[in-house]
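Here are some worked exercises on aromatic pairs and burial. Keep the model open and try each task before you read its solution.

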Amino acid sequence: MLFRRSLIHEMSWVAIAVFSVLLLVVMTTQIVKLLGQATLGVLGSGAVWVLMGFTSLRYLPMLMSLMLFIAVLMTMTRLWKDNEMVVWFASGRSIKSFIKPVLEFAIPIVLLIAALSLFAWPWAQRESRDFREKSAQRQEVSQVAPGVFRESAEADRIYFVEQFIADTGQGRNVFAQIRGKNGKVSVVVANEGGLFLDQHGERWLWLGKGHAYTGVPGTAAYETTEFDRAQVKVETSDKPVSSPSTQAKGTLELIGSPVPEEQGELAWRIALPISALIMALSAIPFAFFNPRGGRALNLLGAIFVYFLYYNFINIGQAWIADGKIPAVIGMWPIHAVAVVMTVALYAWRGRAR
């Protein structure tokens with residue numbers, strides 16, 4: 001009882017401290033990013049803290065997985081460093097005796113990670129997307145603010161709207177200048193326009209009843225086009241492995257889906273709690289401390305393996321989404337290699353007694 005309580009008590013306090021630091025780092029990084037978007041006019045000041053909450057919820061599964069691994073690793077490393085492991089071994093314990101208390105500590109956290117990745121993650125994605133879509137139609141979050149010339153982050157587009165109707169979310173007398181990579185400049189003038197988000201989460205400006213003039217500045221060769229309706233991309237972002245629409249789908253909707261992108265998203269969500277449990281158990285032999293070696297050598301090696309495992313999960317998701325790996329196989333080979341590595345570590349460290 002003393003053996004179990006002392007371990008779980010220490011791991012719990014370490015986990016709280018680690019989670020607080022990780023959450024603070026992530027929130028600081030994200031708030032700087034969101035404030036930067038608000039400065040550019042992509043977001044309004046009132047939307048920053050709401051999106052901050054959704055972003056924090058989306059990062060919780062990854063943070064708790066890393067928290068669990070570091071808590072077990074640091075606790076076990078301290079036992080080796082302070083020679084407490086010698087006392088436990090002399091009392092008839094072995095390295096395998098630590099599996100049970102670690103499982104008692106890890107299983108509730110793994111179940112919470114599973115709930116967050118399978119249910120809270122898509123809910124946060126869906127709510128964040130809906131909030132961004134609604135905010136994009138308001139004056140204060142629009143890059144096409146009335147009476148003000150706005151430049152895109154890439155400095156290749158300039159927008160201007162003379163009047164904005166808040167009730168309908170539409171603008172009157174819209175002007176846009178777009179600079180292409182081939183040196184041509186397009187000047188678009190429309191009677192009306194507005195903003196919308198597509199299924200990939202990218203913002204577009206639609207224009208109605210206008211003219212477009214395209215040509216090279218300094219020359220007289222310009223093409224004139226008249227249109228009833230056109231659309232221009234306001235901002236361009238890197239395409240993620242899974243589109244925002246796929247990330248916002250519920251887990252039950254992804255089960256049995258024939259779409260590779262949705263299969264990759266489902267495999268990624270399932271992989272998070274499985275990898276958290278495997279890495280929590282592998283932290284026990286990873287914490288082996290050799291006084292003659294470098295004190296941080298085992299910690300650096302363990303952290304390297306953790307992030308390598310997590311990167312392989314992301315690569316596996318991309319391969320499944322691209323159709324390179326069948327959904328039946330999925331990420332199970334990655335988990336199998338991690339299990340074999342963990343068993344080999346237990347067999348190796350078991351000789352240290």
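**Exercise 1.** How many aromatic pairs does the count give?

*Solution.* Start with the rule: rings of Phe, Tyr and Trp (its six-membered ring) pair if their centres lie within 6.5 Å; planes under 30 degrees apart count as stacked, over 60 as edge-to-face and the rest as tilted. By this rule there are 4 aromatic pairs.

Before going on, note that the model is predicted, with local features needing pLDDT of at least 70, side-chain atom pairs counting only at pLDDT 80 or more, and totals for chains, interfaces and linings using all residues. Residues are numbered from 1 along each chain as its sequence is written, and side-chain values use heavy atoms, leaving out hydrogens and water.

**Exercise 2.** Classify the pair formed by phenylalanine 69 and tyrosine 306: what do the centres and planes of the rings show?

*Solution.* The ring centres are 5.1 Å apart and the planes lie at 20°, so this pair is stacked. Next, place the partners: phenylalanine 69 is in helix α2 (residues 45-81) and tyrosine 306 in helix α8, so the pair ties together parts 237 residues apart in sequence. Helices here are DSSP runs (H or I, at least four residues), numbered from the N terminus.

**Exercise 3.** Is phenylalanine 69 buried or exposed?

*Solution.* Buried means under 20% relative accessible area, exposed over 50%, partly exposed in between (1.4 Å probe, protein chains only). Phenylalanine 69, at 0%, is buried. Its partner tyrosine 306 also counts as buried, at 7%.

Methods: Helices (H or I, at least four residues) and strands (E, at least two) are DSSP runs, numbered from the N terminus.
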